[in-house]
Structure formats: C-alpha cells, structure tokens
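Trainee: Please take a close look at one charged side chain and its partner. I should then like to see how that part compares with other contacts, turns and enclosed spaces in the chain.

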Amino acid sequence: MRKAFWATLFSAAFLLPGSVSAQSPGETGADRIVAAREALRKGDQARLERLAAIRDTHVLDPYPRYWLLVNRLARSEPPPSDALNAFIAEHDGSHLAERLRADWLRRLARDGDWAGALRLHAALQNPDAELRCTGWSARLFTGDDSGLHELAAQWDTLQSAPAACELPMRAAVERGVVSEDRVWWRIRRQIDTRSPNDALASLALLPAGVAPARADLDQAIRSPSQWLDRLPANFAVTRAGRELALAALVRLVREDAAAAQVRLLRIQDRLGAEERNYVHLVMAMHAAIGRRPDALALYAAAGSIETTPMQRAWRVRAALRAQDWRAVRSAIEALPAAEREAPEWIYWLGRAHAATGNRDQAESLYLRIAGEAHFYGMLAAEEFGQPFMPPPATAALARAKLEEAERDPSLRRALALYQLDMRTEALREWVWGVRNRDEAFRVAAAHLALRHELYDRTINTAELANPNSNFELRFLTPYRDLIEPQVRAQGLDLGWVYGIMRQESRFVIPARSSAGAQGLMQVMPDTGKWVANRIGMANYHPRLLTDPNTNVLLGTSYMRLIMEGLDDHPVLASAGYNAGPGRARRWRDSMPIEGAIYTETIPFDETRDYVKKVLANAVIYSAMLEKRPQSLKARLGTIAPGTINE
C-alpha cells in the first residue's frame, strides 16, 4: 500500500510545468502552501500527502513535497530512496535539495547506513558541526580513518559539540589521533564556561580507569569550596585527583576569587608547575574581566602556559585598562599572527607604539585600517586628523543586474515566503540565494529587498556585498516620520537613535529576541512597563510593544532616561541599553578613562560588540543626515570615574 502511494507521488513529481492534478477548490497557489505548512504543524499526514501530490506553477510548489519527505524521514518507515533522489535531482542546487540531503543523511546515520551517509555527505555544500561529525563517522565505518585527523585539527573548536561528534571523537582518542592530554584540556576549558556540565560528557572520552567518577566531577563543579575543603591527603597521587581539584578551583574563581586564592595556597605544593600556572591563568582572565588591578601580575604568574584566544585577548584588555602601553604592545605582539590581524589589535598596537615614542611604526599600523567604515577604522583615520566624511551616493544599479536578481529562484522563493509570513523559511532561502555571489549581484539583491521593504535583508545583503560602500542601502532611515518627532521630543541625537535601532531590529517591526524583547527598539515587556509608569502612560500592556508608535515612544523614552542617569554619555547609555544601566555604571573605573578603552574592556562579548557597532552606526548616520564630517573620538570622549558603591 505504501509503495503504491510513493509510486503515485513519484509520478506526480514529474508532471509537466503548469499542470495541476485533481484537487479541492482553494488548494492551489499560496493557499496550498499555507495549508500544507499547517498540515505539517498539526501532524495531519493524510492532508499533507494530498497537498504534496498536487502540482501547480506557484514559485513555492516544491515546499509541500519537501515537507512531506522530511515528515516521512522522521517516521518509522522512511520514503524510498527513489522519491528522495528524484526530488534532489529535480531541485539540485537549491536550498531545499541541500536541506533534504542533510535530513536524509541524519536518517541514514541513525539507521547505520554509513555508505549511503558518506555519499550524501560528499554532496553537501556547507555542512555544520553536526554534519561534519556525521561525515567523519561515515568515513570511519567505511574503513577510512583520515577524517579523524581532520577532527583532531578542529578539536579545540568543538567545545560544545553535538551528540553526533561523540563517536568520532571517542575513536580519535582510542586510536591515539587525539592524546589523553588534549581531552583533559578540553574538560578544563569546558569547566571554565557558563555550561560546565559539558565537561561531564567529555569524561567518557578518557580511557577506562583514567577518568574520575562523573558524580565526583559534578560535585566539584557544583560545590567547589566544600570539595576543596574535603580533599583527601593523597588527592594529588593521580591526575584525576588533581584535575578534580583544578575543576573546583576554576569554578570557585568564578564565584569568589579571594576564596580560590586562599585554597590554592593550601594545596599548591601538591600540584605540578603546569597545574599551578593554569589556575593562575584562569584567575588572570577573570581578574581582567572584573577590571581588577592584579590581572597583569596573575598573567605573569601563569608563565608561558597554553592559552585560548579569549585568555589572550583579556591579557591585552587588562593592559589597556591599566594604561600600561608597554604591556599592551607585548601582549599584542605575543598573539598568533592571525589574531594580530584583527582591527582592534592593529589599532591598539599602533596606540602602544605611539605612546612609547614610535610614531612612524604607529602610523604604518593606522594606515592599514584607516578609512574602513568600522569602529577601529574610524579611530585610526582620526589619528591622522581625518573625521568620518559624508559617504558618496550609492552608484546607479544596472538594470540587467536587477533583472538577474529578480529572476533568481532562491530570491523569488524568499520573497514569496516573506509574503506568507514564513520568515524562517524565507531567511534561509535568501541567505542561500546570495551565498557565493559577486558584489554586483548582492547589491542588486539588496535593491530588490528594499523595493519589498525587507530592511534587514537590504542592510545585511549590502553589507555582505561591500562593508565599505553602498551606505544608502546599509544605513537606511525607514519610519522617519514616526521616529523623528519622538527623537526631538526626547532631546536625543537622531543618528544615535537610528544607530541603536539598526543594531537592535534592523527595522523589522515584528522582531522578537529570544529574551522577549520586541519591536523596532527591542523593548523588554518589564522595561516597557517601567518606562510607561515613568512617563505617565496609562493602560500599558505588553501587546502594545508590537505597535510601532508605542514601541518607538517607549524605546526613545527609555534612551532619554538612561542618558540622564549615565552622565548624558552615549557610550555608557549604549552599554546600558543593551546590558542594563546598573552594569554600565559598574564597568567604569576609579579614575577617568577614555571611552575607547572603556568600550574595549566591557566584560560581555555581546555588549562590547554592540557598543562598537552602535557608536560607529551613529557616526555614519549623523554624517549622512547632517551632511557634515563626524568624529567618533568626540562621541567616545572620557568616561568619568565610578563611585565606591558601584
């Protein structure tokens, strides 16, 4: 019976373009797509099968068949390979063909068909970590262990590896491709994160008889001070015993650095030099994140132990916060070559050279990034007295390129999906459509998105095309008639407000973050309620945050309130808008500090990146809106000292 159904569907898949099989009224075109998506959501298998068998000329015609095939792959009886291969062949090169290959690959791996999995993996264009690991497993089970060496090269990037990675990782350790020491280092680094339980799973990678009990590591992580206070006298006899002590010390550093220092002093004579150095390294990084003056001394105490990119970056930031320019230069010059090429370290190395009298060397570094339209490119240009100038108008678009974008199948499907409010599927199609394309095509795609008021796609696609050009596409000012009156009423800078909005929502009205922030200005429901009370807004309800007028009113009012409470300083206010005004206050120093150093030493990665982008956005927007040069340094200014109670 099931074979007969799939034979029917297989035949229907190759109806001539424009032909339509028998169907009920209202089950063609967009109505059919919406109905099929709803059938998939509800698990209505019978209706999904019927809708998938229909063929029409709608641009999204493949989607119901794709959804049906994926639905069947998840069931006990998968569809025959002929049906899957037929769909992939018909839509080869498309986003849906790539996704179906990935879904089918996962099913074959689950069923243990490793030869089939290997064939599919070879055709994937951009496998993620899970699928890379599945590919390594497939090669392993088909007699090829060369993938284990690829895994070993990526070992340090798989700290939060998906379940599919467990098998090849275990094989890499068992066959000696990855050493036992690398497993211990993996566990150490997983412990020093917000998700230390990942380390519990990594214990299984260690050889039998070497790993500590899972319950012991769990206890050391959860109750570090108690674990350290109850260490047996012979804990240091085995590596497992010492690593448990290190795990407890690392977790305690995150909770109470002083308590960790006391306990390290008690047991340091029973640890090896490398183990003591590791604890000092962890202490150093967390001291730097906490803006403590002992950070550089702790880094020095750690010696030449192996470090992560994050630990190295915070050594530079600790030196910046201390304004020890020789230490800044030393820390940056010690970075691996690839890391030294980051714009922030090029700029700060230039500043370190300038501060120690090497002006020629400083200028040669500034020249490498000056003129690039980002935070440090602007600062480097200002070292030559060059503020950010109003950018030139975007060049006219050739009609032929726009027509090419209009004809592109992925972009056409994306636009149709956006029209049906299937935003996740639409985004995937759009990203697929502009990948590996030249600058001219991407600019045309950005124009196409703008025509359809897809502001986030306009900005991101133009940025992808060229991050130093196409400013009129990258820095849009939609909803100006709604926004500008509120900005004036609040006494705010329009460029800064647009800089915030661009970073928060990319001007997507229904935008909603994983934390619950909503709308153009990504206002949290509780924040909206607090602001509404402060401004005397009656009848506030979180549903009002989806209304653009209310969202902008509450968002700009919140910006004004934050500014008033944070010295009217745009750096502090930008940090406060993202991470909360209390944190922005606590991140100040005990003495005046330049705004660029404050920004680079913000302890939250997301907020640090956010403030840089918002301030650079504000400079560009102001240059475009006011049609005159703008200074990022003037906006950054100096951050006044904090108070003892902060």
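Mentor: In this predicted model, the side chain to begin with is Asp 144, which counts as partly exposed because its relative accessibility is 31%, a value between the 20% limit for buried residues and the 50% limit for exposed ones. Its carboxylate meets the side chain of Arg 139 in a salt bridge, with an N to O distance of 3.7 Å. The cut-off for such a contact is 4 Å. Arg 139 has a relative accessibility of 16%, so this residue counts as buried. The pair therefore joins a buried arginine to a partly exposed aspartate.

This contact belongs to a total of 61 salt bridges, and two others serve well beside it. The first is formed by Asp 438 and Lys 401, whose closest N and O atoms are 3.7 Å apart. Lys 401 belongs to helix α25 (residues 399-407), whereas Asp 438 lies in the loop between α27 (423-434) and α28, so this salt bridge ties together parts that are 37 residues apart in sequence. Asp 438 is partly exposed, because its relative accessibility is 42%.

The second is the salt bridge between Arg 480 and Glu 484, with an N to O distance of 2.9 Å. Both residues are in helix α31 (residues 480-490); they are four residues apart, so about one helical turn separates them. Arg 480 is partly exposed at 34% relative accessible area, and Glu 484, at 17%, counts as buried. Salt bridges can also share partners: Arg 32, Arg 55, Asp 56, Asp 61, Arg 65 and Glu 90 are joined in this way into one network.

A covalent link should be considered next. The model contains one disulfide, between Cys 133 and Cys 165, with 1.9 Å between the sulfur atoms. The torsion about its S-S bond is about 90°, so the disulfide is right-handed. Cys 133 is in helix α8 (residues 129-141), and Cys 165 is in the loop between α9 (146-153) and α10 (166-174); the two cysteines are 32 residues apart, and the pair links distant parts of the chain. Cys 133 has 0% relative accessibility and therefore counts as buried. Cys 165 also has 0% and counts as buried.

Two loop residues deserve attention for their backbone. Arg 291 is not a glycine, yet its phi is positive, at about 60°. The loop in which Arg 291 is placed runs between α17 (273-289) and α18 (295-302). With a relative accessible area of 25%, Arg 291 is partly exposed. Glu 453, likewise a residue other than glycine, has a positive phi near 60°. Its place is the loop between α28 (439-451) and α29 (455-465). Glu 453 counts as exposed, because its relative accessibility is 56%.

The last topic is the interior around one enclosed space. There are two cavities of 30 Å³ or more, and the second largest has a volume of about 40 Å³. Its lining consists of Trp 184, Ile 187, Ile 191, Pro 212, Leu 217, Glu 243, Leu 244 and Ala 247. Helices α11 (180-191) and α15 (239-255) are the elements that each give two or more residues to this lining. By class, the lining comprises seven nonpolar residues, one charged residue and no polar residue.

Leu 217, named in that lining, also appears among the buried residues of helix α13 (residues 214-222), which are Leu 217, Ala 220 and Ile 221. These buried residues cover an arc of only 100° around the axis, and therefore lie on the same side of α13. Ala 215 and Arg 222 are exposed on the other side of the helix.

To return to the starting point, the salt bridge of Arg 139 and Asp 144 can be set beside that of Arg 480 and Glu 484. In the starting pair, the arginine is buried and the aspartate is partly exposed. In the α31 pair, the arginine is partly exposed and the glutamate is buried.

Notes
Residues numbered from 1 in each chain as written. Predicted model: local features only at pLDDT ≥ 70, side-chain atom pairs only at ≥ 80, totals over all residues. Heavy atoms only, no water. Disulfide = S-S within 2.5 Å. Buried < 20%, exposed > 50% of the residue type's maximum accessible area, 1.4 Å probe, protein only. 1 Å grid on protein atoms, 1.4 Å probe; cavity = no way out; pocket = protein on both sides within 12 Å on 5 of 7 lines; lining within 4 Å. Points joined across faces, edges and corners; volume = space filled by probe spheres on them. Nonpolar A, V, L, I, M, F, W, Y, C, P; charged D, E, K, R; others polar. Arc of directions from axis to C-beta.
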